[in-house]
Amino acid sequence: MRRLRIIFLRLLGLLLVLSLIALLAIGWLGSARLISPPRRALQDYHREILDDPARFGLSVTNFTSTGDTPCLMVTPARKPKPAHKSRQLRQSLRTRGIEPPRWGEIRGTVVLLHGHTGRKEDHLPICERFFAAGFRCLLPDLPSHGDHPSNVATFGKNEAELIEDILEDAAVTFGFNDQPAFLFGISQGGAIALQTAARSPERWSGIASAASFSSLDRAIRDSAESIHPKLHACASLNSFAVHCGSWCRSGMWPSDIRPRDAASQLHMPVMIIHGESDSFIGIDHAHEIFKALPSPTKVFRPVPEAGHGRVLAQDADQLYPEICGFFLKAIDGTLAMEF
């Protein structure tokens, strides 16, 4: 009997040691995927636009900004070729009673922030719409993404100040007024946009945030629970391990990244966009953010049948004119009358 007890205790001890090793591995590997995700190479559709930007109505200039951040400055081409999306958007604005600026006229600047594992070139197709509505577009590679030299992403903790500096630097480099300026971001980028605006609200005229999480710790927990839907204790332990790994790697606790709290400080025009079929970051995150907004000119835009990766593509013909119209009305001060 004593021998059986000893064997049992040894097996239990071995199981605990193995569980601890597994938990440490989950924390270290999970935090690596979070803080330093695998970087995507340029895609074929990126190259297609970069090889002949005028075909899409664009003029694209590479430059390096604050913190050695690789950026693209995108403006209307002087002699655009077909630019089908641009022309379609201008017509859509007119059907909504909004007369777009004359071709090539710049009304303001939009800073576009990509999602997790994304890169600045992902937003080139979106620039076709924004510049058609009179906006120059500034596209940075966020830390630990694209060609950025940093290997540490902090989901807004450090990026918010960086984005402010990038806009100021671009305005000096290219000789334009940095006001009015807008923020547009998807997923991680949407979360960073909200936090950036909350840092210095006077700098920004409006925001469009798509598929953002309300808090990073909740997004991590939701992801862990999707792996262990019936084992909440395991999900909580896995989540805690990733939190600890994130702090060791970056000095960031995911629980400190709370776009919902940032939203509670925003009185400017804000559009919250989210896919109704998003199983990665549920639409309840968007409802929390929207509820926290004190802004009198806020818009909630659900996208029917859209998952996380399709939130901007599912209803593009309607969604982009709405975003551009929202920004133009923010400049004109007419949002309160129509939204």
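A pocket is an open set of points on a 1 Å grid over the protein atoms alone, with protein on both sides within 12 Å along at least five of seven lines; a cavity is a set of points where a 1.4 Å probe fits but cannot get out, and lining residues have an atom within 4 Å of a point. Grid points are joined across faces, edges and corners, and a volume is the space filled by probe spheres set on the points.

The model is predicted: local features need pLDDT of at least 70 and side-chain atom pairs count only at pLDDT 80 or more, while totals for chains, interfaces and linings use all residues. Residues are numbered from 1 along each chain as its sequence is written, and side-chain values use heavy atoms, with hydrogens and water left out.

**Exercise 1. Describe the largest pocket and the elements that line it.**

Step 1. The volume of the largest pocket is about 1,200 Å³.

Step 2. Its lining has 44 residues, and His116, Thr117, Ser187, Phe280 and His308 lie nearest the centre.

Step 3. Helices and strands here are DSSP runs (H or I, at least four residues, for helices; E, at least two, for strands), numbered from the N terminus. The elements giving two or more residues to this lining are helix 1 (2-35), helix 2 (44-51), helix 4 (124-132), helix 7 (216-227), helix 8 (232-250) and helix 11. Helix 7 supplies the largest share, 6 residues.

Step 4. Ser187, one of the residues nearest the pocket centre, sits in the loop between strand 5 and helix 6. Its phi is near 55°, a positive value in a residue other than glycine. Serine 187 counts as buried at 10% relative accessibility, where buried means under 20% relative accessible area, exposed over 50% and partly exposed in between (1.4 Å probe, protein chains only).

**Exercise 2. Is helix 11 enclosed or exposed, and what does helix 11 give to the largest nonpolar core?**

Step 1. Helix 11 has 17 residues and spans 24 Å from first C-alpha to last, close to the expected 24 Å. The expected span is 1.5 Å times one less than the number of residues.

Step 2. Helix 11 is largely enclosed by the rest of the structure, because 12 of its 17 residues are buried. Among them are Leu319, Ile323, Phe326, Phe327 and Lys329.

Step 3. A nonpolar core is a set of buried Ala, Val, Leu, Ile, Met, Phe, Trp, Tyr and Cys residues joined through side-chain atoms within 4.5 Å. The largest one has 43 residues, and those touching the most other members are Phe130, Phe184, Ile273, Leu312, Ile323 and Phe327. Helix 11 (residues 316-332) gives this core its largest share, 9 residues.

Step 4. Contact means heavy atoms within 4.5 Å. Setting aside residues up to four places away in sequence, isoleucine 323 touches Phe130, Phe184, Ala208, Met271 and Ile273.

Step 5. Just after helix 11, glycine 333 has a positive phi of about 75°.

**Exercise 3. Which residues line the largest cavity, and where does serine 92 lie?**

Step 1. The structure holds 1 cavity of 30 Å³ or more. The largest cavity has a volume of about 70 Å³.

Step 2. The lining consists of Lys85, Gln88, Leu89, Ser92, Arg129, Ala316, Asp317, Tyr320 and Pro321. Helix 3 (84-95) and helix 11 are the elements that give two or more residues to this lining.

Step 3. Serine 92 lies in helix 3 and is buried, with a relative accessible area of 14%. Leaving aside neighbours within four places in sequence, serine 92 is in contact with Asp317 and Pro321.

**Exercise 4. How many disulfides does the structure hold, and why is cysteine 127 not bonded to cysteine 137?**

Step 1. A disulfide is a pair of cysteine sulfur atoms within 2.5 Å. The structure holds 0 disulfides.

Step 2. The closest cysteine sulfur to that of cysteine 127 belongs to cysteine 137, at 3.8 Å, which is too far for a bond. Cysteine 127 is buried, with 0% relative accessible area.

Step 3. For cysteine 324, the closest cysteine sulfur is again in cysteine 137, at 8.5 Å, too far for a bond. Cysteine 324 also counts as buried, at 0% relative accessibility.

**Exercise 5. Which residue does a cis peptide bond join to proline 180, and where is proline 180 found?**

Step 1. The cis peptide bond joins glutamine 179 to proline 180, with omega about -5°.

Step 2. Proline 180 is in the loop between helix 5 (159-174) and strand 5 (181-186).
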